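Please look through the sequence and the structure shown below before reading on. The report then moves from the whole chain to single strands, helices and side chains.

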Amino acid sequence: QARRLQAPIPLASSSFRTLQFTVMATTSLCAPQGLTTKQSINSKRGQAVPSARLARVARHARAPRTQTIAMSAATKVEMTVREAKNFADLRSAAAVRVGCFVQYPEDRSEYSKQNHRRLKLEQEVNVLERKMTGIEPGYEKTKVVCYLATADQPEDPAQTAALMEDIDPSCKLPAEDDKPVQLVLGSLDLNIGDRFPSEDLQPLQFFPGDEGRAFISNVCVAPGARRNGVAVQMLDATKEYCKANNIRDLYVHVVPSNKAAAALYENAGFVKEREETADYAYVRDRERRMLLLFQCIEE
């Protein structure tokens, strides 16, 4: 399900650049001087996205899930799956996504990669924040819940480096109270609404305003944390959310060539509902997609 992006990438949608002023210590981009705190300003549209709107989203978050996973024969960490509750969480989720989804040619310099990753990170966190607050075009009637899989940072720096290979340092959440620094190992979005705005392939039965369906998107796990059940735990968290909120159908899009993702969803109980034809995908110059369904509430 990963989005493969070839560099260099035109940043068309980054024209509405967000300047975020509730920046945590791990943020790689600095805030401009002399501007109001606790809000993000869209410099093109002049539209403020108060952090209070994200706070209202966070107040409805469900209790986190915890599980101990073995990163190696000698190392075990306690992983927690929870909903994003502030801007630092969103930025960490965006950092993991950029590290997983953006790929570069072998001859690309490390300096060029870092600069491009920062641009993509800023773009991704901007879009994610706008989706969650209902400002992003097409998402006005879609509720977006961002999930994070986090774990305490290992004491051994080599283990941390192995977990976070090719991931921006912004994926680290700073220590709070008695909690150590947290690493974000994975992330996904749960999009609740009658249709998924970013895809052509929609469910067979379409009922405008149907609140009984949701769509999973942007599933990613840091390279060093894969094959440890991180994605499974995040999927289980979305299922629990759907059951608790009377959401009947849970969907996910996947390309058949992504064998690992297809196997993950099949083992999680998803079944194929629809599939694009090869001609349909060819005209759009992309891989064909399958739409998989999991029934959270039996009829």
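## The whole protein

Of the 299 residues of the protein, what percentage count as buried? In this predicted model, 48% of the 299 residues count as buried, and the chain is arranged into 7 helices and 14 strands. If one takes the contacts in the protein with a separation of 6 or more, residues 24 or more positions apart account for 69% of them.

## Strand β12 and its partners

Strand β12, which covers residues 249–254, is mostly covered, since 6 of its 6 residues are buried. The side chains of this strand can be sorted by direction: Asp249, Tyr251 and His253 point one way, while Leu250, Val252 and Val254 point the other way, and the residues of both sets are buried.

Two pairings can be followed from β12. With strand β11, made of residues 213–221, β12 pairs in the parallel sense over 4 bridges, and here Ile216 stands opposite Val252 in β12. Between these two strands the chain passes through helix α5, residues 230–244, and the resulting β-α-β crossover is right-handed. With strand β14, made of residues 290–295, β12 pairs in the antiparallel sense over 6 bridges, and Val254 stands opposite Met290 in β14.

## Helix α5

Helix α5 has 15 residues, and the distance from its first C-alpha to its last is 22 Å, close to the 21 Å expected at 1.5 Å a residue. Which residues of α5 are buried? They are Val230, Ala231, Gln233, Met234, Leu235, Ala237, Thr238, Lys239, Tyr241 and Cys242. When reading such a list, it helps to recall that an α-helix has 3.6 residues a turn, so residues three or four places apart point the same way. Just after α5, Asn246 takes a positive phi of about 60°.

## The nonpolar core

The largest nonpolar core holds 71 residues, and the members that touch the most other members are Cys146, Tyr147, Leu190, Ile216, Leu250, Tyr265 and Phe270. Helix α2, which covers residues 87–101, gives the most to this core, with 10 residues.

Phe270 can serve as an example of the contacts made by one core member. Not counting residues up to four places away in sequence, Phe270 touches Ile216, Lys239, Leu250, Tyr251, Val252, Tyr265, Leu292, Leu293 and Phe294. Among these partners, Leu250, Tyr251 and Val252 belong to β12, and Lys239 is one of the buried residues of α5.

## Two buried residues followed closely

Asn191 is found in strand β10, residues 182–192. Is this residue buried or exposed? Asn191 counts as buried because its relative accessible area is 1%, and the limit for that word is under 20%. Leaving out residues up to four places away in sequence, Asn191 touches Tyr139, Thr142, Lys143, Val144, Phe196, Arg213, Ala214, Phe215, Ile216 and Ser217. Lys131 lies 60 residues from Asn191 along the chain, and the C-alpha atoms of these two residues are separated by 9.3 Å.

Ser92 lies in helix α2, and Ser92 counts as buried because its relative accessibility is 0%. Apart from its neighbours within four places in sequence, Ser92 is in contact with Ser170, Cys171, Lys172, Leu173 and Val184.

## Salt bridges

How many salt bridges does a search of the whole structure find? The search finds 13 salt bridges, and one of them joins the side chains of Asp89 and Lys85, at 3.8 Å from N to O. The two partners can be described by their accessibility: Asp89 counts as buried, at 2% relative accessibility, whereas Lys85 counts as partly exposed, at 38%.

In another salt bridge, the side chains of Arg130 and Glu136 meet at 3.2 Å, N to O, and both Arg130 and Glu136 are buried. The side chains of Glu275 and Lys272 also meet in a salt bridge, at 2.9 Å from N to O, and Glu275 counts as partly exposed, with a relative accessibility of 32%. Beyond such pairs, Asp200, Glu276, Arg284 and Arg286 are joined into one network by salt bridges that share partners.

Key: Residues numbered from 1 in each chain as written. Predicted model: local features only at pLDDT ≥ 70, side-chain atom pairs only at ≥ 80, totals over all residues. Heavy atoms only, no water. Buried < 20%, exposed > 50% of the residue type's maximum accessible area, 1.4 Å probe, protein only. Pairing = 2+ DSSP bridges. Right-handed = clockwise from strand over helix to strand, strands pointing away. Expected span 1.5 Å × (residues − 1). Salt bridge = Lys/Arg side-chain N within 4 Å of Asp/Glu carboxyl O. Core = buried A, V, L, I, M, F, W, Y, C linked by side-chain atoms within 4.5 Å. Contact = heavy atoms within 4.5 Å.
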